[in-house]
Amino acid sequence: MALYYDLCPAEYRETVVNNLIKDIEGKNYHLDVGHVGAELILPVLSQEGYGDVAMKILMQRTYPSWGYWLELGANTALEGWNKGVRSWCHYFLGTYDEWFYQNLAGIQNPQNGYETVTIRPEIYEELGY
């Protein structure tokens with residue numbers, strides 16, 4: 001959150017980013033976030049030049065991850081990371097879609113009802129054709 005909302009003093013920003021990357025790598029690119037972190041983690045990683053790390057998180061298929069939901073047979077966003085949740089249609093953690101549009105598709109800076117828009121996609125080999 002400190003990175004996304006620019007609350008981190010400039011002299012500590014690089015250290016905070018490096019610690020975030022180290023933490024993510026230490027968890028083998030699995031999610032260890034709640035609602036707010038799920039919304040911000042992918043955009044922050046791209047913003048800081050680590051879109052490749054965001055992609056590794058996104059492509060993860062084991063617990064806990066969005067891909068794990070697919071392994072469970074879910075076709076909606078669950079209330080939590082495992083199958084035993086109460087709601088199987090709960091947007092709470094399903095915030096990856098904004099990253100799809102703004103970073104993967106690169107649709108940014110829409111103005112005047114999308115009359116003008118910047119297209120700047122991030123390209124990753126993992127996506128394939």
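**Group meeting talk: helix packing, salt bridges and a hairpin**

Let's start in the middle of the fold. The buried residues of H3 pack against helix H1 (10–26), helix H2 (35–47), H4 and H5. Keep in mind that this is a predicted model. H3 itself covers residues 51–59. Which of its residues are buried? Gly-51, Val-53, Ala-54, Met-55, Ile-57 and Leu-58. Those are the ones to colour if you want to see the packing.

Now go to the N-terminal end. Met-1 sits in the segment before H1. Met-1 is exposed, at 59% relative accessible area. It belongs to a nonpolar patch on the surface. The other members are Tyr-4, Tyr-5, Leu-7 and Val-36. Together the five have about 530 Å² of accessible area.

Stay in that segment for Asp-6, which also lies before H1. Asp-6 is not a glycine, yet its phi is positive, about 55°. Is Asp-6 buried or exposed? Exposed, because its relative accessible area is 57%, and the cut-off for exposed is over 50%.

Asp-6 brings us to the charges. In general, side chains of opposite charge can pair when their charged atoms come close. How many salt bridges does the count give? Six. I'll show you some of them.

First on my list, Arg-13 with Asp-6. Their side chains meet at 3.2 Å, N to O. The two ends sit in contrasting surroundings. Arg-13 is buried, at 18% relative accessibility. Asp-6 is exposed, at 57%. There is also a network here: salt bridges that share partners join Asp-6, Arg-13 and Glu-48.

Next, Glu-71 with Arg-61. The closest N and O atoms of this salt bridge are 2.8 Å apart. Glu-71 is in helix H4 and Arg-61 is in the loop between H3 and H4, so the pair ties together parts that are ten residues apart in sequence. Both ends are partly exposed: Glu-71 at 47% relative accessibility, Arg-61 at 41%.

That same loop has a backbone detail. Pro-64 is in the loop between H3 and H4. The peptide bond from Tyr-63 to Pro-64 is cis, with omega near -10°. If you set up this model for a calculation, that's the bond to look up.

One more salt bridge: Glu-79 with Arg-86. The side chains meet at 3.0 Å, N to O. Arg-86 counts as exposed, at 76% relative accessibility.

Move on to Ser-87. Where is Ser-87? In the loop between helix H4 (66–71) and helix H5 (96–104). Ser-87 counts as buried because its relative accessibility is 17%, with the cut-off at under 20%. What does Ser-87 touch, leaving out residues up to four places away in sequence? Leu-78 and Glu-79. So Glu-79 appears twice in this talk: in the salt bridge with Arg-86, and in contact with Ser-87. The side chain of Ser-87 also has a polar atom 3.2 Å from the backbone nitrogen of Cys-89.

Past H5 we reach Ala-105. Ala-105 is in the loop between H5 and strand E1 (107–111). At 35% relative accessibility, Ala-105 counts as partly exposed. Setting aside residues up to four places away in sequence, Ala-105 touches Phe-100, Ile-119 and Pro-121. Now look at Arg-120. Ala-105 and Arg-120 are 15 residues apart in sequence, but their C-alpha atoms are 7.3 Å apart in space.

Last stop, the strands. How many bridges join E1 to E2? Three, and the strands run antiparallel. E2 covers residues 116–119. Gln-111 stands opposite Thr-116 in E2. As a general point, side chains in a regular strand alternate between the two faces of the sheet.

The hairpin has four residues between the strands. Asn-112 is in that loop between E1 and E2. Its phi is positive, about 55°, although Asn-112 is not a glycine. Asn-112 is exposed, at 58% relative accessibility. You heard about a positive phi of about 55° before, at Asp-6.

To recap. The buried residues of H3 pack against H1, H2, H4 and H5. The salt bridge count is six. The bond from Tyr-63 to Pro-64 is cis. E1 and E2 are joined by three bridges, antiparallel. Thanks, that's the tour.

Conventions: Residues are numbered from 1 along each chain as its sequence is written. This is a predicted model: local features need pLDDT of at least 70, side-chain atom pairs count only at pLDDT 80 or more; totals for chains, interfaces and linings use all residues. Side-chain values use heavy atoms; hydrogens and water are left out. Helices (H or I, at least four residues) and strands (E, at least two) are DSSP runs, numbered from the N terminus. Buried means under 20% relative accessible area, exposed over 50%, partly exposed in between (1.4 Å probe, protein chains only). A polar contact is a pair of N or O atoms within 3.5 Å; within protein, one must be able to donate a hydrogen and the other to accept it, and residues adjacent in sequence count only if both atoms are side-chain atoms. Contact means heavy atoms within 4.5 Å. Patches are made of residues with over 30% relative accessible area and no salt bridge: like charges are joined within 9 Å, nonpolar side chains (Val, Leu, Ile, Met, Phe, Trp, Tyr) within 5 Å. Accessible areas come from the Shrake-Rupley method with a 1.4 Å probe; for residues, only the protein chains shown count as cover. A salt bridge is a side-chain nitrogen of Lys or Arg within 4 Å of a carboxyl oxygen of Asp or Glu. Two strands pair if DSSP finds at least two bridges between them.
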